[in-house]
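Here are some exercises to work through with the model open beside you. Try each task before you read its solution.

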Amino acid sequence: MRTQLVLTCLAFLCLVLGGVAGGAAKVPRNNFYKSTRCPNAEQLIRDITWSKAKNDATLGAKLLRVHYHDCFVRGCDASILLDKVGTVDSEKEARPNLSLGGFDVIDDIKRQVEAKCPGIVSCADILALSARDAVSFPFKTSMWEVETGRKDGNASLASDVNGNLPSPFSDFATLKQIFANKGLDVNDLVALSGAHTIGVSHCGEFSRRLFNFTGKGDMDPTLNATYAESLKKLCPNPANPNTTVEMDPLSSTSFDSNYFNILINQNKGLFQSDAALLNDTKSVIVIKKLQKNKTFFVEFAKSMQKMGAIQLLTGNAGEIRKNCRVKN
């Protein structure tokens with residue numbers, strides 16, 4: 001099956017695994033809300049999300065990206081949803097987060113959930129569930145399990161984002177070390193890179209590969225030459241900052257394994273960080289395995305579940321926000 005999605009990517013995905021920084025966190029459980037005063041919370045969130053996804057084919061990509069960007073800073077605590085307070089910039093103001101979308105959808109879901117079950121369902125869980133549900137809508141089944149019971153954080157600083165997200169220019173050694181520092185392995189690195197099978201990127205994230213790779217006005221020799229020439233036409237130097245290019249040419253609206261096929265067989269990974277995956281033996285083995293849709297879906301689901309358990313706030317930690325944009 002093919003999922004119609006659009007995703008704008010400004011930087012490579014970097015994940016912080018809970019328990020590596022700040023100590024191990026208690027992992028939520030399946031159907032956490034069944035035993036609360038909001039037993040139908042997950043169904044309600046899915047129904048609202050699916051109703052919105054019917055009219056917005058980009059919703060899955062938007063919410064998935066917000067979920068990613070939330071989890072790698074302070075863990076999956078919905079800190080990405082908090083607005084700026086006074087003169088102190090929140091995570092939303094950090095450059096990698098400036099193009100994020102879907103906040104209005106989260107707000108609407110939260111309002112409807114609060115109307116039925118005030119003070120029960122966290123914004124962190126709403127974000128995790130709605131991201132899964134929006135991506136799953138075209139498949140009409142859940143693409144991965146989401147354990148619930150997270151609490152919301154009460155802090156959000158743009159300064160926490162800077163330096164935590166590997167750039168699209170990262171080499172494999174850098175990517176591997178960052179992921180290893182966070183408790184993630186090469187399997188996760190490659191599987192989650194598969195998110196680049198959907199969406200688009202702005203020219204600035206890869207133009208150096210086309211026009212000034214080593215600072216001598218040259219092109220990255222690892223990039224498919226024909227593909228590079230087509231990119232130059234779309235993104236001349238200097239490029240229009242509003243121009244976007246498909247990350248997975250001819251398949252950028254379909255959630256499938258084509259990203260791995262064009263990466264390993266055609267050298268058409270758009271970012272330097274994509275091409276870097278070909279520079280490690282184990283990574284290449286994983287890429288070859290993920291060329292099949294079924295295997296990709298399974299492995300992507302596993303890594304999404306790991307991401308969803310990053311540095312969680314549970315029990316007495318954190319809070320249940322009344323409004324996802326402001327702490328109580």
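Helices and strands here are DSSP runs, with at least four residues for a helix and at least two for a strand, numbered from the N terminus. The model is predicted, and the exercises below all use it.

**Exercise 1. Check the length of helix α3, then find which of its residues are buried.**

Step 1: Helix α3 takes in residues 103-116, which makes 14 residues. At 1.5 Å a residue, the helix should span 20 Å.

Step 2: The end C-alpha atoms of α3 are 20 Å apart, so the model agrees with the expected span.

Step 3: A residue is called buried under 20% relative accessible area. In α3 that group is made up of F103, V105, I106, D107, D108, I109, K110, V113 and E114.

Step 4: Look at what lies over these residues. Their cover includes α1 (41-53), α2 (59-71) and α4 (123-136).

**Exercise 2. Do the same for α4, and say how enclosed it is.**

Step 1: With 14 residues at 1.5 Å each, α4 should span 20 Å, and the distance between its end C-alpha atoms is 20 Å, which agrees.

Step 2: Of the 14 residues of α4, 14 are buried, so the helix is largely enclosed by the rest of the structure.

**Exercise 3. Work out what surrounds the side chain of D280.**

Step 1: Place D280 in the loop between α10 (272-276) and α11 (281-289).

Step 2: Look for a partner of opposite charge. The nearest such side chain belongs to K176, 4.5 Å away. A salt bridge needs a Lys or Arg nitrogen within 4 Å of a carboxyl oxygen, so D280 is buried without one.

Step 3: Turn to the backbone. A polar atom of the D280 side chain lies 3.1 Å from the backbone nitrogen of K282, and the side chain also reaches the backbone nitrogen of S283 at 2.9 Å.

Step 4: K176 also helps to locate another residue. Its C-alpha atom is 7.7 Å from that of L189, although 13 residues separate the two along the chain. L189 is in helix α6 and counts as buried because its relative accessibility is 0%.

**Exercise 4. Is the annotated residue H196 buried or exposed?**

Step 1: The unreviewed UniProt entry carries a "binding site" annotation that covers H196.

Step 2: Find H196 in the loop between α6 (186-193) and β2 (200-202).

Step 3: Its relative accessibility is 2%, so H196 counts as buried.

**Exercise 5. Inspect the backbone at R74, L250 and P238.**

Step 1: R74 sits in the loop between α2 and α3. Its phi is positive, about 70°, although R74 is not a glycine. With a relative accessible area of 37%, R74 is partly exposed.

Step 2: L250 belongs to the loop between β3 and α9 (258-266). Phi of this non-glycine residue is positive too, near 70°. L250 counts as exposed, because its relative accessibility is 81%.

Step 3: P238 is in the loop between α8 (225-234) and β3 (244-246). The peptide bond joining N237 and P238 is cis, with omega about 5°.

**Exercise 6. Which residues does L98 contact beyond its neighbours within four places in sequence?**

Step 1: Go to the loop between α2 and α3, where L98 is found.

Step 2: Leaving those neighbours aside, L98 is in contact with K92 and E93.

Step 3: At 58% relative accessibility, L98 counts as exposed.

How values were computed. Residues numbered from 1 in each chain as written. Predicted model: local features only at pLDDT ≥ 70, side-chain atom pairs only at ≥ 80, totals over all residues. Heavy atoms only, no water. Expected span 1.5 Å × (residues − 1). Buried < 20%, exposed > 50% of the residue type's maximum accessible area, 1.4 Å probe, protein only. Contact = heavy atoms within 4.5 Å. Lys, Arg positive; Asp, Glu negative; His and termini not counted. Polar contact = N/O pair within 3.5 Å; in protein donor to acceptor, adjacent residues only side chain to side chain. UniProt positions renumbered as here; feature names shortened; annotations may be inferred.
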